[in-house]
Amino acid sequence: MISFIAKLLKALNVNTNPGEIAHGIACGFLLGLMPKSSLLWYLIFIFVLFIKINKPAYLIMIVLGSSVAVLLDPLFDSVGYAVLTVPSLYGFYARLIDIPFVYFTRFNNTVVMGSLVCGIILYVPVYVIARILVKLWRRYGVPAMRHSKIIKIVNQVPILSKIAHEVGERV
C-alpha cells in the first residue's frame, strides 16, 4: 500500500496529465461506491484497468470510496428502488434477466443499481474537483512541502528518506 501511495504522490508531482489522475480518482470513487459482491463490479474493475488512467489513484479511491459507501447505502437503496420500479422499464429488465450471466451482475438489486446510478451521476463532479485539486497541489502544495520541517525530518529517517526519494520530494 505504501508503494501505491508513493506512486500516487510521484504522479501528483511530475508531468503526468492531471486528467489521467482525475479519471483514476473518479473511476475509483465510482467502484468504491458499488458493492463488491456483484459480477458488475468485477467487470467494471477489469474494464477500467485497460483505460489510460493513474492506477494508484484508482486503487486508493476504491478503498476510500468503499468507506464512504457504507454510510450511503440507505440512499443507494432508495435511488435503486426508484430506478428499478419505473414501469416503462419492466420489459427491458425482464429481457436482461433472460440473458445468461447478466443475473450475476445483480443489477436488479436496489443497492447495486442505486450505487451505480449515483456513481455515474457523481463521476463528472468528482473528476472536475480532482483535476482542480491536482493543479492546486502542483502550484501551491509542492513548493510549500519542499521547504517544510516535515520533509527535513523525513530525510533524516532512512526508510522514509527512500520513500521520499522515490516520490521526488527529496530536498
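Which backbone oxygen does the side chain of S115 reach, and at what distance? I took this as the opening entry, working throughout with a predicted model.

**Entry 1: S115**

I located S115 in helix α6. The side chain of S115 reaches the backbone oxygen of V112, and I recorded 3.0 Å for this polar contact. I then looked up whether S115 is buried or exposed. With a relative accessibility of 0%, S115 counts as buried, because the limit for that class is under 20%. I next listed the contacts of S115, leaving aside its neighbours within four places in sequence. The residues in contact with S115 on that basis are L33, M34, P35 and F76.

**Entry 2: the loop between α5 and α6**

I turned to the loop that runs between α5 (90-98) and α6 (110-146), where F101 is placed. F101 is not a glycine, yet I noted a positive phi of about 70° for it. The relative accessible area of F101 is 60%, so this residue is exposed, the class being set at over 50%.

R106 also lies in the loop between α5 and α6. I found a positive phi for R106 as well, near 55°, and R106 is likewise a residue other than glycine. How exposed is R106? I recorded a relative accessible area of 28% for R106, which means that it is partly exposed, since it falls between the limits of 20% and 50%.

**Entry 3: aromatic pairs**

I looked up how many aromatic pairs the model holds, and the count comes to seven. One of the pairs joins F101 and F104: their ring centres are 6.1 Å apart and their planes stand at 40°, so I entered the pair as tilted. Y103 and F104 form an aromatic pair too, with 6.1 Å centre to centre and 70° between the planes. I entered the pair of Y103 and F104 as edge-to-face, because that class requires planes over 60 degrees apart. F104 therefore takes part in a pair with F101 and in a pair with Y103. For Y103 I also checked accessibility: at 48% relative accessibility, Y103 counts as partly exposed.

**Entry 4: an aromatic cluster**

Which residues form one aromatic cluster with W41? I listed Y42, F45 and Y58 as the residues that join W41 in this cluster.

Conventions. Residues numbered from 1 in each chain as written. Predicted model: local features only at pLDDT ≥ 70, side-chain atom pairs only at ≥ 80, totals over all residues. Heavy atoms only, no water. Helix = DSSP H or I, 4+ residues; strand = E, 2+ residues; numbered from the N terminus. Buried < 20%, exposed > 50% of the residue type's maximum accessible area, 1.4 Å probe, protein only. Phe/Tyr/Trp six-rings, centres within 6.5 Å; stacked < 30°, edge-to-face > 60°. Polar contact = N/O pair within 3.5 Å; in protein donor to acceptor, adjacent residues only side chain to side chain. Contact = heavy atoms within 4.5 Å.
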